[in-house]
Amino acid sequence: MIVSDIKGSVELANGVRMPYLGLGVFKTQDGAEVENAVKWALEAGYRHIDTAAIYQNERGVGNALKASAIPRDELFITTKIWNDNQRNGTVIEGFEESLKLLQTDYVDLYLIHWPVKGKFTATWKTIEEIYRSGRARAIGVSNFLQHHLEELFQSAEIMPMVNQVECHPYLVQQPLIDLCHSYNIVYEAWSPIMRGKVNDIPLFGKLSQKYQKSPVQIVLRWDLQKGIVTIPKSVHQERIQHNADIFDFELTLEDIDLIDALDQDRHFGAHPDTFTF
Ligand SMILES: NC(=O)c1ccc[n+]([C@@H]2O[C@H](COP(=O)([O-])OP(=O)(O)OC[C@H]3O[C@@H](n4cnc5c(N)ncnc54)[C@H](OP(=O)(O)O)[C@@H]3O)[C@@H](O)[C@H]2O)c1
């Protein structure tokens with residue numbers, strides 16, 4: 001992945017380009033909060049917004065995108081099908097509801113939010129249909145470990161183009177990154193800044209001094225230099241701008257290794273094999 005500026009993107013397996021920096025909107029309230037966050041992100045140069053049906057803010061995301069003067073084809077919108085729709089066989093209905101709330105004819109990326117056991121291969125069949133209908137420019141998965149991917153590969157006619165997983169200095173999962181990259185699946189980091197906790201890791205104190213950048217900026221830059229798409233969340237304008245101010249420095253390979261070595265295989269969010277929702 002060549003990292004240039006905030007407008008930069010990575011090419012997915014089908015040729016679609018995905019901006020490698022996006023705004024996450026988990027736990028962002030529908031209405032003014034999400035509308036402002038998206039507006040400030042667009043003003044700062046972001047073109048990629050990551051939402052999900054379960055976040056219950058797709059309407060606000062849609063309102064903000066519509067209110068901006070930016071042409072639809074310059075925006076990249078990701079949303080995700082929720083687990084209940086997988087369980088009760090309403091994937092198409094869930095997808096269409098997302099389109100309605102987002103006020104768009106298509107999404108740029110549609111993901112299976114979690115690998116619901118016994119369901120996700122059937123869900124993928126429906127997601128393939130959605131892709132073939134042209135209403136999702138790209139499709140992928142989220143929270144899939146190696147064994148979930150291998151199970152999916154057995155029946156998939158279209159390979160997932162993206163795998164969005166928890167990823168930060170305490171949860172690197174390098175073998176999963178390598179596996180995805182070997183199949184041309186873009187790896188995407190959720191909770192990339194450990195919900196702000198990267199600020200407490202001593203190594204980043206040193207690296208902050210060296211690069212004159214905050215721990216958050218260093219971690220987001222680490223993602224990009226590792227070829228990982230990243231989607232930090234904030235509802236504050238200064239932080240949204242700050243999190244995108246990562247294109248005027250470059251980490252050395254040694255420092256990337258030092259950050260990799262912080263790995264503790266530690267999940268802060270739910271584990272893909274034991275989630276209960
Ligand atoms: N696929 C999945 O299962 C899944 C799961 C979780 C998340 N996600 C996606 O990934 C996105 C990012 O993950 P996340 O929201 O869990 O966590 P995150 O981006 O690692 O961290 C967000 C938290 O950090 C704070 N923050 C943001 N910028 C900061 C800065 N510069 N300095 C200090 N604190 C800062 C935010 O607070 P303020 O908002 O108050 O600034 C918020 O509390 C989500 O929004 C969502 O789109 C996907």
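**Exercise 1. Find the volume of the largest pocket in this predicted model, then describe its lining.**

Step 1. Start with the volume: the largest pocket has about 740 Å³.

Step 2. Next, look at the walls. The lining is made up of 35 residues, and those nearest the centre of the pocket are Phe26, Trp190, Ser191, Arg195 and Lys233.

Step 3. Sort the lining by class. You should arrive at 16 nonpolar, 13 polar and six charged residues.

Step 4. Ask which element gives the largest share of this lining. That is H10, with three residues.

**Exercise 2. Work out where the ligand sits and what surrounds it.**

Step 1. Compare the ligand with the pocket you have just described: the space that the ligand takes is the largest pocket.

Step 2. Collect the residues with a heavy atom within 4 Å of the ligand. There are 29 of them, and Asp50, Ser191, Arg195, Ser234 and Arg239 are the closest.

Step 3. Divide this shell by class. Twelve residues are nonpolar, twelve are polar and five are charged.

Step 4. Trace the shell back to the fold. Helix H10, which spans residues 237–243, supplies the largest share, namely three residues.

**Exercise 3. List polar contacts of the ligand, taking N or O pairs within 3.5 Å, and say how much of the ligand is buried.**

Step 1. Go to Arg195. An N or O atom of the Arg195 side chain is 2.7 Å from an oxygen atom of the ligand.

Step 2. Move on to Arg239, where a polar side-chain atom is 2.8 Å from a ligand oxygen.

Step 3. Now check the backbone as well as the side chains. At Phe26, a polar backbone atom is 2.9 Å from an oxygen of the ligand.

Step 4. Finish with the area. On its own the ligand exposes 910 Å², and 89% of that is buried by the protein.

**Exercise 4. Describe the second largest pocket.**

Step 1. Its volume is about 230 Å³.

Step 2. Count the lining: 14 residues, with Ser9, Arg17, Pro19, Asp73 and Glu74 nearest the centre.

Step 3. By class, the lining of this second pocket holds four nonpolar, three polar and seven charged residues.

**Exercise 5. How many cavities of 30 Å³ or more are there, and what lines the largest?**

Step 1. The count comes to one cavity of 30 Å³ or more.

Step 2. For the largest cavity, the volume is about 50 Å³.

Step 3. Read off the lining of the largest cavity: Asn143, Leu145, Val165, Glu166, Gln173, Trp190, His267, Ala270 and Pro272.

Step 4. Sorted by class, these lining residues are five nonpolar, three polar and one charged. You may recognise Trp190, listed here and also among the residues nearest the centre of the largest pocket.

Methods. Residues are numbered from 1 along each chain as its sequence is written. This is a predicted model: local features need pLDDT of at least 70, side-chain atom pairs count only at pLDDT 80 or more; totals for chains, interfaces and linings use all residues. Side-chain values use heavy atoms; hydrogens and water are left out. A polar contact is a pair of N or O atoms within 3.5 Å; within protein, one must be able to donate a hydrogen and the other to accept it, and residues adjacent in sequence count only if both atoms are side-chain atoms. Accessible areas come from the Shrake-Rupley method with a 1.4 Å probe; for residues, only the protein chains shown count as cover. On a 1 Å grid over the protein atoms alone, a cavity is a set of points where a 1.4 Å probe fits but cannot get out, and a pocket is an open set with protein on both sides within 12 Å along at least five of seven lines; lining residues have an atom within 4 Å of a point. A molecule sits in a cavity or pocket if more than half of its atoms lie within 2 Å of its grid points. Helices (H or I, at least four residues) and strands (E, at least two) are DSSP runs, numbered from the N terminus. Ala, Val, Leu, Ile, Met, Phe, Trp, Tyr, Cys and Pro count as nonpolar, Asp, Glu, Lys and Arg as charged, and the others, Gly among them, as polar. Grid points are joined across faces, edges and corners, and a volume is the space filled by probe spheres set on the points.
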